[in-house]
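Student: Could you show me how to read surface patches and single residues in a structure like this one?
Tutor: Gladly, let's look at it together.

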Amino acid sequence: SCLDHNHTHFILVDNGTHGQYGVEIPLRAQLEKYISKQRMGTEDVGIEIPIVCVVLEGGPGTLNTIYNAMENGTPCVIVEGSGRVADVLANAADLPVAQITISFIQKQLRVFFAETYTKFSEQEIISWTKKIQDIVRMREQLTVFRAEKSRNDELDVAILEALLKASSSCGHKGQENLDHQLKLAVAWDRVDIAKSTIFTDDKHWKILPSSPQEMQQTYSQESGICEQEVENPERDLFIWAILQKRKDLASIFWVQAMDSIDASLVACKILKKMSCEENDTDLSEEMEELAQEYEDRAVGLFTECYRKHTKRAQKLLIRVSRTWGNTTCLRLALEAESQKFMALGGVQALLTKIWWGELSVDTNTWQVLLCLLLWPAIYSNLITFRQDEEWRKKKLSSDNELIANLPENSNVKL
């Protein structure tokens with residue numbers, strides 16, 4: 001037969017024989033087993049590559065392929081109605097092993113291999129019977145896809161259900177099995193299957209704590225750290241969620257954490273650094289977008305604070321945060337290279353004050369230069385200082401308040 005042009009790569013197997021069919025089956029089974037042991041994603045949250053054998057029609061070689069695959073732990077999905085081996089296995093799948101006899105297999109072969117039935121020897125029929133019995137014994141790895149009878153006619157659902165059913169027979173037990181099943185459903189992007197198969201009443205899940213106190217207790221228990229030694233579990237969990245690229249979980253911890261502006265800038269800095277070091281272009285773009293999202297959160301929070309109270313918002317920029325390593329919000333913004341945050345009017349106003357020192361920001365440059373040349377002019381009113389300016393503003397405010405409280409017919413000069 002011709003090579004299928006839809007495939008990108010081919011592995012050609014030659015064991016030195018001529019005209020012998022099926023010599024590639026043992027190598028194929030070993031290769032599938034090796035691939036299935038590789039992991040996708042990170043070491044902590046990744047899953048082993050799922051492999052499923054989907055059977056449509058098929059002859060004697062297909063039966064050997066199925067047998068070898070299931071012996072290596074690969075689940076199989078039999079498409080009923082596709083003919084030959086697939087239909088023989090579909091009819092035998094729901095039967096007790098005791099009912100799968102030589103006579104039963106002979107009847108099946110007469111129906112589905114009518115044209116070639118006479119070529120089957122008695123020894124081949126016995127071999128078929130034994131292999132089909134062994135296959136049916138591994139029911140956890142065998143799934144029959146019946147398009148007309150299934151609640152869902154999508155083949156990918158049958159494949160996912162086969163993986164979920166087989167996961168418990170591959171060394172995954174208890175909570176580990178539930179976690180593995182959930183990872184498969186997430187990788188398949190099938191929320192409906194997770195709801196109907198995984199999140200059921202007979203399965204118990206660890207629930208995320210709803211309060212910071214419960215979160216601290218759970219964090220202490222899981223990490224083995226004494227509760228007195230845990231200074232800020234919300235911060236630690238927030239950083240962990242950012243490093244693990246758990247976007248939704250990070251948002252939950254961000255809400256619980258103290259110093260939300262600082263936390264946003266820290267997340268922005270971490271994500272930008274991770275984006276630069278990530279080799280995968282798609283993941284790098286996702287982290288860059290998430291970094292921009294946290295930068296926008298910091299900008300939005302400070303803008304609202306500055307609108308409510310100017311002086312307190314500026315003090316917030318230079319307040320030392322013990323939660324984030326005795327640093328300030330302004331320094332975090334500089335380290336995160338957050339140009340949006342640094343360009344805010346409130347931030348620029350504070351930087352202007354820092355630059356001018358005790359001088360009033362309204363002082364012109366020529367006045368400063370003149371005082372440098374003629375230093376006695378400093379004692380004149382040529383330049384003003386910030387304290388003088390604040391005193392004038394307070395005096396003006398008190399005068400205006402006094403005038404507002406005077407009777408209308410009074411004649412008072414200030």
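Student: Which residues form a nonpolar patch on the surface?
Tutor: A nonpolar patch gathers accessible nonpolar side chains that lie within 5 Å. In this predicted model, Ile11, Val13, Leu27, Leu31, Tyr34 and Ile35 make up such a patch, and together they have about 540 Å² of accessible area.

Student: Where is Ile35 found?
Tutor: Ile35 belongs to helix α1, which covers residues 25–36. Partly exposed means between 20% and 50% relative accessible area. Ile35 counts as partly exposed because its relative accessibility is 34%.

Student: And which residues form a negative surface patch?
Tutor: For charged patches, like charges are joined within 9 Å. Here the negative patch consists of Asp280, Asp282, Glu285, Glu286, Glu288 and Glu289. Asp280 sits in the loop between α12 (260–277) and α13 (281–308).

Student: Why does Asp280 count as partly exposed?
Tutor: Its relative accessibility is 36%, so Asp280 falls in that class.

Student: Let's turn to Asp236. What is its place?
Tutor: Asp236 is in helix α10, residues 233–243. Asp236 is partly exposed because its relative accessible area is 25%.

Student: With which side chain does the side chain of Asp236 make a polar contact?
Tutor: A polar contact pairs N or O atoms within 3.5 Å. The side chain of Asp236 makes one with the side chain of Arg235, at 3.1 Å.

Student: What separates the C-alpha atoms of Asp236 and Ala257?
Tutor: Those C-alpha atoms are 9.5 Å apart, while Asp236 and Ala257 are 21 residues apart along the chain.

Methods
Residues are numbered from 1 along each chain as its sequence is written. This is a predicted model: local features need pLDDT of at least 70, side-chain atom pairs count only at pLDDT 80 or more; totals for chains, interfaces and linings use all residues. Side-chain values use heavy atoms; hydrogens and water are left out. Patches are made of residues with over 30% relative accessible area and no salt bridge: like charges are joined within 9 Å, nonpolar side chains (Val, Leu, Ile, Met, Phe, Trp, Tyr) within 5 Å. Accessible areas come from the Shrake-Rupley method with a 1.4 Å probe; for residues, only the protein chains shown count as cover. A salt bridge is a side-chain nitrogen of Lys or Arg within 4 Å of a carboxyl oxygen of Asp or Glu. Lys and Arg count as positive and Asp and Glu as negative; His and the chain ends are not counted. The place of a charge is taken as NZ of Lys, CZ of Arg, CG of Asp or CD of Glu. Helices (H or I, at least four residues) and strands (E, at least two) are DSSP runs, numbered from the N terminus. Buried means under 20% relative accessible area, exposed over 50%, partly exposed in between (1.4 Å probe, protein chains only). A polar contact is a pair of N or O atoms within 3.5 Å; within protein, one must be able to donate a hydrogen and the other to accept it, and residues adjacent in sequence count only if both atoms are side-chain atoms.
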